[in-house]
Amino acid sequence: MKRHGVQTSGVRRLTAGLVVAAVATVVVVGAATPAAAHVTITPSTTAAGAYAVLEASVPHGCAGSSTIAITIQIPEQVSSVTPTRNALWEVDKTMETLDPAVTDSHGRQITERVASVTYRTDTPLPEGYRDVLELSLLLPDLEGETLVFPTIQTCEQGEAAWIEVPADGQDAEELELPAPAFVLTAADGGGHHEPSAVDADLAVATTPGGSAGEQATVDVWTVAALVAGVAGVVLGATALVRQRRRT
């Protein structure tokens, strides 16, 4: 009986320990949730010198108040931005003059750039709902550079200024309202090429390991085979009709 009591006591202590561990896990997860609810910017690629589409995610309002505007400041290293239209938002670009002018990847002189992009809506984004706003741009050829996009979230009541930048050695997760940012990585070696529908069509029209001309030849033989097949069916049907008439 004594031995059984020792085992029972051990089981109770183990159970209590698991409960404490579970509670601690819940507390840690709960504490991490606000950090995951920041306004963020996610690039389709971080390769220096590449074209990218940035997704600005707005996951919540301002202390429960619905969002009516988002203003994204564009880093000075970026000279050109194309915002994507959104059915529920009006978009405005604020321009600034470049002095001196800069030369883009196509050799053109750029005398002004987009300093910020603002999305406004007459249909407020309610608390508990999220939306994603997109920007297309050419990333600067600056491997290792951090691009920071300070963002102002305006709500029906109040605003949230996502503009805090971590100091040297500081973790961005320690900030209450960190500015969206990401680090440029090594170039992918593909050059300044932006995929298009034309590229996709060419990829479909060309067989692996062959040329477009070879694919066209294959298509001609395919059509010829289909025509021959149809002709065979017609001749067979005609012969069947004649046989029935003779019978």
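**Figure 1. A disulfide joins C62 to C155, with the two sulfur atoms 2.0 Å apart.** The model shown here and in the following views is predicted. By the distance rule for sulfur pairs, the count comes to one disulfide. The angle about the S-S bond is 65°, and the link of C62 and C155 is right-handed. C62 sits in the loop between β2 and β3, while C155 belongs to strand β9, so the pair ties together parts 93 residues apart in sequence. Are C62 and C155 buried or exposed? C62 is buried, and C155 is buried too. A disulfide is a covalent bond between the sulfur atoms of two cysteines.

**Figure 2. The whole chain: three helices and 11 strands.** Read along the sequence, the pattern is α-β-β-β-β-β-β-β-β-β-β-β-α-α. One helix thus precedes the run of strands, and two helices follow the run. The chain has 247 residues, and 25% of them count as buried. Its accessible surface comes to about 16,300 Å². Carbon and sulfur atoms hold 59% of that surface. Among contacts with a separation of 6 or more, 69% are between residues 24 or more positions apart.

**Figure 3. An open sheet of five strands, in the order β5-β6-β3-β9-β10.** The pairing in this sheet is antiparallel. β5 (90-103) and β10 (159-162) are the edge strands, and each pairs on one side only. From one strand to the next, the twist averages 10°. Strands of a sheet pair through backbone hydrogen bonds, either parallel or antiparallel.

**Figure 4. Strand β3 (residues 67-73) with its partners β6 and β9.** How many bridges join β3 to β6? Six bridges join β3 to β6 (residues 109-125), and the two strands run antiparallel. Two of the residue pairs can be picked out here. Q73 has S116 as its bridge partner in β6. A69 has R120 as its bridge partner, also in β6. β3 is also joined to β9 (residues 151-155), by five bridges, and this pair is antiparallel as well. T67 stands opposite C155 in β9. C155 is also the residue that forms the disulfide with C62.

**Figure 5. Strand β7 (131-138) beside β2 and β4.** Eight bridges join β2 to β7, and these strands run antiparallel. β4 (residues 81-83) pairs with β7 over three bridges, again in the antiparallel sense. Which residue of β7 is the bridge partner of A52? The partner of A52 is L137. L137 is also the bridge partner of V81.

**Figure 6. The largest nonpolar core, with 24 residues.** The residues with the most contacts inside this core are L54, I72, I74, V81, L135, F149 and F182. The elements that give two or more residues to the core are β2 (51-58), β3, β6 and β7. F149 offers a useful centre for the view. Leaving out residues up to four places away in sequence, F149 touches I41, L54, I72, Q73, I74, P75, W162, A179, P180 and F182. A second, separate core has five residues, including V39, C62, C155 and W162. The cysteines of the disulfide, C62 and C155, are therefore both among the residues of this second core, and both are buried.

**Figure 7. S66, in the loop between β2 and β3.** C62 lies in the same loop, the one between β2 and β3. Why does S66 count as buried? Its relative accessibility is 13%, and the cut-off for buried is under 20%. Beyond its neighbours within four places in sequence, S66 is in contact with P124, L125, P126, E127, C155 and E156. One of these contacts, C155, is a cysteine of the disulfide.

**Figure 8. L142, in the loop between β7 and β8 (146-148).** At 36% relative accessibility, L142 counts as partly exposed. Which residues does L142 contact, apart from its neighbours within four places in sequence? L142 is in contact with A48, Q77 and L184. The C-alpha atoms of L142 and T185 are separated by 8.3 Å. Along the chain, L142 and T185 are 43 residues apart.

How values were computed. Residues are numbered from 1 along each chain as its sequence is written. This is a predicted model: local features need pLDDT of at least 70, side-chain atom pairs count only at pLDDT 80 or more; totals for chains, interfaces and linings use all residues. Side-chain values use heavy atoms; hydrogens and water are left out. Two strands pair if DSSP finds at least two bridges between them. Helices (H or I, at least four residues) and strands (E, at least two) are DSSP runs, numbered from the N terminus. Buried means under 20% relative accessible area, exposed over 50%, partly exposed in between (1.4 Å probe, protein chains only). Contact means heavy atoms within 4.5 Å. Accessible areas come from the Shrake-Rupley method with a 1.4 Å probe; for residues, only the protein chains shown count as cover. A nonpolar core is a set of buried Ala, Val, Leu, Ile, Met, Phe, Trp, Tyr and Cys residues joined through side-chain atoms within 4.5 Å. A disulfide is a pair of cysteine sulfur atoms within 2.5 Å. Axes are lines fitted to C-alpha atoms, for helices over the stretch in contact, and angles run from 0 to 180 degrees between N-to-C directions.
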